[in-house]
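Hi everyone, thanks for coming. I'd like to talk about charged side chains today, with a little stop at burial on the way. Have a look at this.

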Amino acid sequence: MLATAWAALLAPAFTAFGSPISWLEMVAFVLAVWMVVCNMRVNLLAWPLALISSLMYFALFWDGRLYGEAALQLVFAALALWGWWQWRFGRTRDGEVLSVRRLGLRGLTRPVLLTLAAWPLLGLFLAKATDSPLPYWDAFPTVASLLGQWLLARKYEENWPTWIVVNAVSVALFGLKGYWLTVILYAGFIPMSVIGWRAWRQA
């Protein structure tokens, strides 16, 4: 029964640019767009949507042997629970309720350097330990997304430029794999991130 349900989810809903688009990818697409809109509006609903869409994308990427991206989706699912708690109950170091704020260049330096150091290390691991066809392309958005997710959960404005970079690289990665609906999704995330950045700056 589970095998039948799994096969139905992976069955093509339609074809785009010569590649089949599964029902799984289509539903995950809709939930992910809804999630970003909620993030732009600082709406708590963003986090349960992130949890569900991340689990769906985990299944999609694992089936496509993008193991870095698949593992990232499980981390996203866990971070969605943490982010949900942060937006609901989180406090700053001064004990104030979390609000939209800036981390600043000085605060960003250490996490950005850690991200850049982790990228080739994860790429090397994926190249040696898995059959990933694009280990270093897979590794960069994986580690950079962790930075973006942490910034988002703590309501730092800098999450938006981070997502712009992540989404641009992801467009290339998913295009190489033929996930065209997901390419459209991540391409759409770029202007949405710009709009979100502008909205958070005004906030």
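Before anything else, one term: a residue counts as buried when its relative accessible area is under 20%, as exposed when that area is over 50%, and as partly exposed in between. And keep in mind that what you see is a predicted model.

Let's try the term out on Thr-162, which sits in helix H7. Is Thr-162 buried or exposed? Its relative accessible area is 14%, and the cut-off for buried is under 20%, so Thr-162 is buried. Who does Thr-162 touch, if we skip residues up to four places away in sequence? The answer is Ala-144, Leu-147, Gly-148 and Leu-151.

Okay, on to the charges. Side chains of opposite charge can pair when their charged atoms come close. How many salt bridges turn up when you search the whole structure? There are 3.

Let's take Arg-65 and Asp-131. Their closest N and O atoms are 3.7 Å apart, and they form a salt bridge. Now find them on the chain: Arg-65 is in the loop between helix H3 (46-63) and helix H4 (67-89), while Asp-131 is in the loop between helix H5 (104-129) and helix H6 (135-153). That's 66 residues apart, so this pair links distant parts of the chain. Both partners are partly exposed, with Arg-65 at a relative accessible area of 34% and Asp-131 at 43%.

Next, please look at Glu-157, in the loop between H6 and helix H7 (159-177). Glu-157 is buried, with a relative accessible area of just 8%. Which residues pair with Glu-157 in salt bridges? One is Arg-102, with the closest N and O atoms 3.0 Å apart. Arg-102 lies in the loop between H4 and H5, 55 residues from Glu-157. And Arg-102 is exposed, at 53% relative accessible area.

The other is Arg-201, where the closest N and O atoms are 3.5 Å apart. You'll find Arg-201 in helix H8 (residues 180-202), 44 residues away from Glu-157, and this pair too links distant parts of the chain. Arg-201 comes out as partly exposed, with 49% relative accessible area.

Put those together, and Arg-102, Glu-157 and Arg-201 are linked in a network of salt bridges. So, if you take one picture home, make it this: a buried Glu-157, in salt bridges with Arg-102 and with Arg-201. Thanks!

Methods:
Residues numbered from 1 in each chain as written. Predicted model: local features only at pLDDT ≥ 70, side-chain atom pairs only at ≥ 80, totals over all residues. Heavy atoms only, no water. Salt bridge = Lys/Arg side-chain N within 4 Å of Asp/Glu carboxyl O. Helix = DSSP H or I, 4+ residues; strand = E, 2+ residues; numbered from the N terminus. Buried < 20%, exposed > 50% of the residue type's maximum accessible area, 1.4 Å probe, protein only. Contact = heavy atoms within 4.5 Å.
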